[in-house]
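User: I am a first-year student, and I would like a close look at one charged side chain and its partner. Please take me through it slowly, and then show me how it fits with the rest of the chain.

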Amino acid sequence: MKKNIVKILSFVLIPCSLFLNGCKDYLTEIEPGTTLLEDFYTSTAAAVQNVTGCYTPLMWEYNNTYFSEWFIGDIASDDALKGGGTTTDMSDAYDIENWRTTDQNTLLLNFYRAQYQGIGRCNLALEYIEKMEIGIDEDFTPEMKNRLLGEIHYLRAYYYFRLVRVFAGVPMPLKVLRSSDDWGMPRASVDEVYSQILKDLEFANANLWLKSKYAEADMGRATKGAAQAMLMKVNLYMASPYWQKYNLTKAAADCYKDAKAWGDSIITSGEYELCPNYEDNFTVAGENGKESVFEIQYAEVAWGDYGEGFGFTAGSFTQILMRCRNSEIGGGWGFDHPTKNLYDEFEAGDPRRDVAILVPSTDVVATYQMQSDENYLGNTMVNNKYGMYRDPEDVGGGYGKWSLHASRGPLNNKQIRYADVLLMYAEACLGVGDAGTAKTYIDQVRDRVGLAPIAAADDAALRHERRCELAMEGHRWFDLVRWEGVAGNGLKAHMDAYKAQESAEVQHHIQEFVAGKHEIFPIPQEERQLNPTPMDQNPGY
């Protein structure tokens, strides 16, 4: 799929005609040369192309500002500072980092809209592919039709999951919206959104293929394993203290039980395994491999498209956004600085630390003037997973840079790795009281990087391992929210403790974390104004 990304599909929707008594037939005839939407869905290739278009909004990172999800997942947490040139560089991200976010935040507005673009595409594809007759050509078998419908349901669930964990309840269209009357709807409850996500994922699981059945060109499409991993993940979210506060109809105990069952399914499938070399997960050569459960696909591109809005690139902006600002060893924009708090989380000898975090050595700093180029509020550390890579053939002491086109990178975004699955499974086991099995799978993740087994499995061990294994991959903030009782003190206490150990320079910018407000973000005011149906705002905003 990485080499088969297609351009965004464009559709012409024919508006309903208004009829007057006595009109001639010719007044209601379709204009010559117009292609009806129904006429597109006449082959398997067309259906596949349509479903491919449903993946595209996952790739989007820019419209009139950058809005990669890691701007929330990393920067809102204790794992990363915003970075960039100055505190005013990407002011929307600065506000997210420092609890200053308002409903005017354009990063959140663009993130919100991109997910609904994806949902809209999914609803359109569902409506028309469901109507396609089996045998329309030799490839459109029941199995193929069900697979395509499974991909669409998976993607719609994915877009809604992205929305609910950032904004809580949101409007939830499940059909094509052809007028403003269709769009006018209130926010669905958190329970309703999560319930729909589970319903879509269960459909996807029943109809998707195992990863091993897909052709090489289709690597990156949703699979049965991806659906099972998401079913496990969503159930773990629903089991958490924070999300249970939203009066979910599904009890936490049932969520843990189901999460473990879905974990059993994916682990026993034999479809996935850990890469022997941890670092291989973050190379182009290692994409869509045995550890990959679901990745957002990107490709190397040569064209420039800055400022052209949603969907004008097949490459990722993440590489240039995260790369070191110094032109000798990066030439990027230096966002997403790992914190010392994260650096200190790693055990002595854990190789994952140096894969995740580049700490310029004294000679590198002296040679490349890193202190002045990369210094953000006294922090010069660099995200090493997506922003940098080590190339032994590259000059510069082993620190390389993406020798590609100006502002695009080909590296896929690893949304779900098998290591993540194993740690989610361990968490589910702890949730049902099976600490022995939890220890087995935590130790399996540790063994891959040469670390000794843990003494015993508990929440603290699981959370430590998850933070180190998935460092700088955009998970941390969402984990902290669902683990609201971090160390038994609550999320506010955790964030206050993090703030207290930061430098005075950093502390100066961080406002007070407000419990009951800052766990989620405000619904963008512009979207509330556009909705014909009144939408309430999240508390405190």
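Analyst: In this predicted model, the residue to begin with is E465, which has a relative accessible area of 0% and therefore counts as buried, since that term is used for values under 20%. Its partner R352 has a relative accessible area of 0% and is buried as well. The two residues form a salt bridge, in which the closest N and O atoms are 2.7 Å apart. This pair links distant parts of the chain, for E465 belongs to helix α18 (residues 459-469) and R352 to helix α13 (residues 352-356), with their positions 113 residues apart in the numbering. As a general point, side chains of opposite charge can pair when their charged atoms come close.

It helps to set a second pair beside this one. The side chains of E151 and R221 meet in a salt bridge, with 3.1 Å from N to O. Here again distant parts of the chain are linked, because E151 sits in helix α5 (residues 142-167), whereas R221 sits in the loop between α7 (190-207) and α8 (224-239), 70 residues apart. E151 is buried, at a relative accessible area of 0%, and R221, at 6% relative accessibility, counts as buried too.

A third pair shows another arrangement. K439 and D443 join their side chains in a salt bridge of 2.6 Å, N to O. How far apart do K439 and D443 lie in helix α17? They are four residues apart in that helix (residues 435-448), which is about one turn of it. K439 has a relative accessibility of 24%, so it counts as partly exposed rather than buried, the cut-off for buried being under 20%. D443, in contrast, is buried, with a relative accessible area of 15%. Salt bridges that share partners also build up a wider arrangement, in which E291, E347, D350, R352, K385, R417, R446, R448, E465, E469 and E473 are joined into one network. Your starting pair, E465 and R352, is thus part of that network. For the whole model, the count comes to 42 salt bridges.

Two further buried residues show what can surround a polar or charged side chain. R482, found in helix α19 (residues 476-482), has a relative accessibility of 1% and counts as buried. Once its neighbours within four places in sequence are left aside, R482 is in contact with L236, Y237, S240, P241, Y242, W243, E427 and R466. T339 has its place in the loop between β3 (335-338) and α12 (340-345), and at 0% relative accessibility it counts as buried. With its neighbours within four places in sequence set aside, T339 touches D78, D79, A80, L81, N379, M381, Y498 and E502. T339 and N383, which are 44 residues apart in sequence, are 9.9 Å apart in space, C-alpha to C-alpha.

Now consider the nonpolar side chains. In soluble globular proteins, nonpolar side chains tend to be buried together. In this model the largest nonpolar core has 158 residues, and those with the most contacts inside it are F71, I129, Y154, F167, Y194, I197 and W477. The largest share of this core, 15 residues, comes from α5. Taking F71 as one example, and not counting residues up to four places away in sequence, F71 touches Y66, A76, M90, A93, I96, L107, L321 and F335.

There are also enclosed spaces to look at. The count comes to seven cavities of 30 Å³ or more, and about 250 Å³ of space lies in the largest cavity. Of the 24 residues that line this cavity, the closest to its centre are E69, W70, R162, N413 and Q415. The elements that give two or more residues to its lining are α4 (106-129), α5 and β8 (413-417). By class, the lining of the largest cavity holds 10 nonpolar, seven polar and seven charged residues.

Finally, here is the setting of the whole chain. The secondary structure comes to 22 helices and eight strands, and of the 541 residues of the chain, 58% count as buried. Among contacts between residues at least 6 apart in sequence, 72% join residues at least 24 apart. The pair you began with fits into this picture as a link between distant parts of the chain, helix α18 and helix α13.

How values were computed: Residues are numbered from 1 along each chain as its sequence is written. This is a predicted model: local features need pLDDT of at least 70, side-chain atom pairs count only at pLDDT 80 or more; totals for chains, interfaces and linings use all residues. Side-chain values use heavy atoms; hydrogens and water are left out. A salt bridge is a side-chain nitrogen of Lys or Arg within 4 Å of a carboxyl oxygen of Asp or Glu. Buried means under 20% relative accessible area, exposed over 50%, partly exposed in between (1.4 Å probe, protein chains only). Contact means heavy atoms within 4.5 Å. On a 1 Å grid over the protein atoms alone, a cavity is a set of points where a 1.4 Å probe fits but cannot get out, and a pocket is an open set with protein on both sides within 12 Å along at least five of seven lines; lining residues have an atom within 4 Å of a point. Grid points are joined across faces, edges and corners, and a volume is the space filled by probe spheres set on the points. Ala, Val, Leu, Ile, Met, Phe, Trp, Tyr, Cys and Pro count as nonpolar, Asp, Glu, Lys and Arg as charged, and the others, Gly among them, as polar. A nonpolar core is a set of buried Ala, Val, Leu, Ile, Met, Phe, Trp, Tyr and Cys residues joined through side-chain atoms within 4.5 Å.
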